[in-house]
Amino acid sequence: MKENKESTNSKIKNEEVEEKSSISKDKSNILSKDQRKKLLVIRNISRFLDYIVLIISLLALFIGIYAFWDTHQVMEVADSEAYSMYKPNSEDDLTFDQIRAKNPDVLGWIDIYGTNIDYPIVQGKDNEEYLNKTVLGKFSTSGSIFLDASNKKDFSDFQNILYGHYMAERKMFGDMELFKDREFFNTHKYGVIHRVNKKSKGIEFFAFLKTVGTDDKILSIAKNSQEKPDLIDHIYKNADYSRKLDFGENENLIVLDTCDLSVTNGRYILIGRLTDKVEENIFKEEKKENKFAKLLKKFYKINILLTLIIIWILLVLIYLIYDRISRKKGEESKTNVQ
């Protein structure tokens with residue numbers, strides 16, 4: 001009897017232990033499921049963040065590529081070589097017919113010897129028109145070299161102002177910065193303005209100065225001969241470098257105006273007098289062929305933005321497919337282990 005009782009008690013204890021063990025296992029199973037859910041959420045969040053980082057990285061890459069391409073294209077449009085085919089060849093061949101057929105606003109051509117300032121000149125209905133428009137009428141932030149809208153087209157005013165953007169790589173009026181060097185100023189004295197249906201005018205530069213856009217004395221049109229002495233005195237007093245000249249009664253001024261980015265609203269100003277004598281250009285600069293630029297020109301006809309978008313979509317799709325395959329393989333390997 002006693003043995004039976006002890007056997008029964010032992011069985012009960014074993015059952016209790018097994019029951020507790022079963023409860024413990026169930027609890028451990030419940031915790032592992034929760035953990036798996038949490039891990040799944042974490043993985044999904046991580047995957048979502050990966051997609052976001054991927055998309056932002058690809059967008060940043062293609063925006064950078066497009067910005068580079070766009071900047072290079074602007075520089076190409078601003079290159080004086082882009083207009084060389086239209087340049088008058090000599091005093092005996094001052095024809096502007098070809099370029100004026102494309103744009104009747106063309107009124108002349110400026111060539112500053114020993115620099116890359118060698119462009120057609122236009123004049124718009126106001127001083128805003130050609131800030132972001134090329135001589136050929138296309139939109140470009142490089143703009144054009146243009147005569148002040150208040151000046152006469154034949155440069156017969158006492159003070160004639162030409163505007164052009166300051167640009168890197170010696171484009172447009174970028175070479176005006178070279179005149180900050182005294183030696184360069186002293187050795188680069190001459191240029192020429194070819195006029196439509198008029199005799200060309202020589203330029204003899206005599207002053208370089210830095211000022212601001214609010215300098216009304218220099219940057220306003222002086223048409224009255226009575227203003228001439230005061231204006232010339234003002235130029236000499238404020239010039240960084242200058243050469244003393246004796247001005248004839250009928251000699252007019254040409255003022256080249258571009259931005260000085262080193263100060264707020266700053267201006268580089270190069271001033272010369274217009275003469276009937278056109279000096280010979282003693283500077284023969286050799287144009288170096290830019291092979292990279294030549295290569296890029298072949299792709300100008302391609303819609304680069306659309307191409308980049310297509311490539312971006314393809315890369316995203318490839319990544320998504322790869323990620324999907326990786327996830328399937330991971331799930332299969334887990335199943336095999338279980």
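Is Tyr268 buried or exposed?

Let's warm up with that one. Tyr268 has a relative accessibility of 3%, and that makes it buried, because the label needs under 20% relative accessible area (exposed is over 50%, partly exposed is in between; 1.4 Å probe, protein chains only).

A quick word on the ground rules. This is a predicted model, where local features need pLDDT of at least 70 and side-chain atom pairs count only at pLDDT 80 or more, while totals for chains, interfaces and linings use all residues. Residues are numbered from 1 along each chain as its sequence is written, and side-chain values use heavy atoms, with hydrogens and water left out.

**Exercise 1. Work out how Tyr166 and Tyr268 are arranged, and which parts of the chain they link.**

Step 1: start with the tally, which is nine aromatic pairs in the structure. Rings of Phe, Tyr and Trp (its six-membered ring) pair if their centres lie within 6.5 Å; planes under 30 degrees apart are stacked, over 60 edge-to-face, and the rest tilted.

Step 2: the Tyr166 and Tyr268 rings sit 6.4 Å centre to centre with 55 degrees between the planes, so call this pair tilted.

Step 3: place them on the chain. Tyr166 is in the loop between strand E4 (159-163) and helix H3 (182-187), Tyr268 is in strand E9 (residues 266-275), and the two are 102 residues apart. Helices (H or I, at least four residues) and strands (E, at least two) are DSSP runs, numbered from the N terminus.

Step 4: add the surroundings. Tyr166 is partly exposed at 24% relative accessible area, and ring pairs tie Tyr166, Phe208 and Tyr268 into a cluster.

**Exercise 2. Describe how E4 is packed, and find its strand partners.**

Step 1: five of the five residues of E4 are buried, so the strand is largely enclosed by the rest of the structure.

Step 2: split them by face. In a regular strand the side chains alternate between the two faces of the sheet. Here Gln159, Ile161 and Tyr163 take one side, Asn160 and Leu162 the other, and all are buried.

Step 3: look for neighbours, remembering that two strands pair if DSSP finds at least two bridges between them. Strand E3 (residues 145-147) runs antiparallel to E4, with two bridges, and Phe146 stands opposite Tyr163. Strand E8 (residues 253-260) runs parallel to E4, with five bridges; there, Ile254 is the bridge partner of Asn160.

**Exercise 3. Compare the settings of Phe155 and Arg170, which have positive phi values.**

Step 1: phi is near 65 degrees for Phe155 and near 60 degrees for Arg170; neither residue is a glycine.

Step 2: Phe155 lies in the loop between E3 and E4, while Arg170 lies in the loop between E4 and H3.

Step 3: check accessibility. Phe155 is buried at 3%, whereas Arg170 is partly exposed at 34%.

**Exercise 4. Find which charged side chains lie over the faces of Tyr130 and Phe185.**

Step 1: the test is NZ of Lys or CZ of Arg within 6 Å of the ring centre and within 35 degrees of the ring normal.

Step 2: Lys133 lies over the face of Tyr130, 4.7 Å from the ring centre.

Step 3: Arg243 lies over the face of Phe185, 4.1 Å from the ring centre.
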